[in-house]
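Colleague: Got a minute? I'd like to go through this model with you, starting with the charged pairs.

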Amino acid sequence: MTQPSTTAEPSALLPGSVTLVGAGPGDPGLLTLHALRALESAEVVLHDRLVGAGVLALANPQALMVEVGKSAGNHSMPQEDIHALMLRHARSGLRVVRLKGGDPFVFGRGGEELEFLRAHGIPYRVVPGITAAVACAAYAGIPLTHRDHAQSLRLLTAHCRDGVDTLDWEALAQEQQTLAVYMGVAGLERLRERLIAAGRAPSTPFALVENGSRPEQRVITGTLDDLAQTARAHAVASPALLILGEVAGLAAHLHWFGAPPLSPPAAASDLAQAA
C-alpha cells in the first residue's frame, strides 16, 4: 500500500487518508500547531465524546462532525463501527481526522486503529497530543517526577482488556514513584485495597483531578486509605485522573489554576454522612 511521504508535515492531510490527532485534555490552548492545521483542513472529523467544544470550534466549519466517542460504562459506538466510518470516508477520497482526547497512543486505541487502516490500505498519519497525566498534573501544580519524591512514573488504566487483576501490584506499591491512573473513578476501592495489600502505605497522598485544564477543574486530595470515601463524598465524576504518590502532596501549595484543592479537615466518612 502507498503510505504518505515521511518528509511532509503530519498536518498536511491527503485526500483519502486518515490522520489521528490528539486533542489534549480540554484546554484548546494545549493543541499543537500540527493538530490545529489538521483540524482546519479536515473534511470529516470523527471525535471523541469528551473533546471540548472549544477544540471542536477550531475545525473546518464545512467539515462533517461525527461524535463517536466512548466513556466508562457507556459505549456510544462500538470500535468496529468507528473503523467502518474511517474506512468509508477515506475510500470516498475525503480528508479524515480521527480526533481523540489526550494522546492517540496513550489508552486511546490509536494502535488498533492504525492496524485497521494499514490492513485496508488507507494512508494515515499521527499528530500526538498532550496526554491527561501530563496536563492534569501540570494544571494541578503536581510534578509527576521530583528528585526528592518520585524517580519514576507509571501510566495505568482501570479499563484494560484483561482487568486489573493482571497488574503487578507489588511493583506498583513501591514508594518513590508516581502512579497516574486513567479512567479509574469506578475502581477506586479495588485499587486502594490492592495497593495497601501489596505494601503501599495507607498514608500515601493522592490527588483526583476532575475536568483537568478546563474552567470547571476540581482537585480533590487526601490519602490512599480514604481514597474511595473521599471520591464519593465529593461526587467525583469522569473525566477524572488519579495521581497517587508522594508528589500528590505538593498540590496544596503548588496549585495555580482554578480553585485550591479540596481537602477538608473532616474525615471522608463524616463528609459522606453529612452529604
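Modeller: Sure. Keep in mind that this is a predicted model. Start with E43 and R95: their side chains form a salt bridge, at 3.8 Å from N to O.

Colleague: Where do E43 and R95 lie?

Modeller: E43 is in the loop between α1 (33-41) and β2 (44-47), and R95 is in strand β4 (residues 95-100), so the pair ties together parts that are 52 residues apart in sequence.

Colleague: Is E43 buried or exposed?

Modeller: Neither label fits. E43 has 30% relative accessibility, so it counts as partly exposed. R95 is partly exposed as well, with a relative accessible area of 26%.

Colleague: How many salt bridges are there in the whole structure?

Modeller: The search finds eight. One of interest involves E113 and R98, with the closest N and O atoms 3.3 Å apart.

Colleague: What does that pair tie together?

Modeller: E113 sits in helix α4 (residues 110-119) and R98 in strand β4, so the bridge links parts that are 15 residues apart in sequence.

Colleague: And is E113 buried or exposed?

Modeller: Buried, at 0% relative accessible area. R98 is buried too, at 1% relative accessibility.

Colleague: Which lysine forms a salt bridge with E113?

Modeller: K100 does, and the closest N and O atoms are 3.1 Å apart. K100 belongs to strand β4 and E113 to helix α4, so this pair ties together parts that are 13 residues apart in sequence. K100 is buried, with a relative accessible area of 2%.

Colleague: Which residues end up in one network?

Modeller: D48, R98, K100 and E113, joined by salt bridges that share partners.

Colleague: Why would such side chains pair at all?

Modeller: Opposite charges can pair when the charged atoms come close.

Colleague: New topic. How many residues are in the largest nonpolar core?

Modeller: It has 19 residues. Those with the most contacts inside it are L188, L191, L195, L208, L227 and L242.

Colleague: Which elements give two or more residues to this core?

Modeller: The helices are α6 (169-172), α7 (188-197) and α8 (227-233). The strands are β7 (178-182), β8 (205-210) and β10 (240-244).

Colleague: Take L242. What is it in contact with, leaving aside neighbours within four places in sequence?

Modeller: L242 is in contact with L179, A180, V181, L188, L191, F206, A207, L208 and L227.

Colleague: Any general rule behind that sort of core?

Modeller: In soluble globular proteins, nonpolar side chains tend to be buried together.

Methods. Residues numbered from 1 in each chain as written. Predicted model: local features only at pLDDT ≥ 70, side-chain atom pairs only at ≥ 80, totals over all residues. Heavy atoms only, no water. Core = buried A, V, L, I, M, F, W, Y, C linked by side-chain atoms within 4.5 Å. Buried < 20%, exposed > 50% of the residue type's maximum accessible area, 1.4 Å probe, protein only. Helix = DSSP H or I, 4+ residues; strand = E, 2+ residues; numbered from the N terminus. Contact = heavy atoms within 4.5 Å. Salt bridge = Lys/Arg side-chain N within 4 Å of Asp/Glu carboxyl O.
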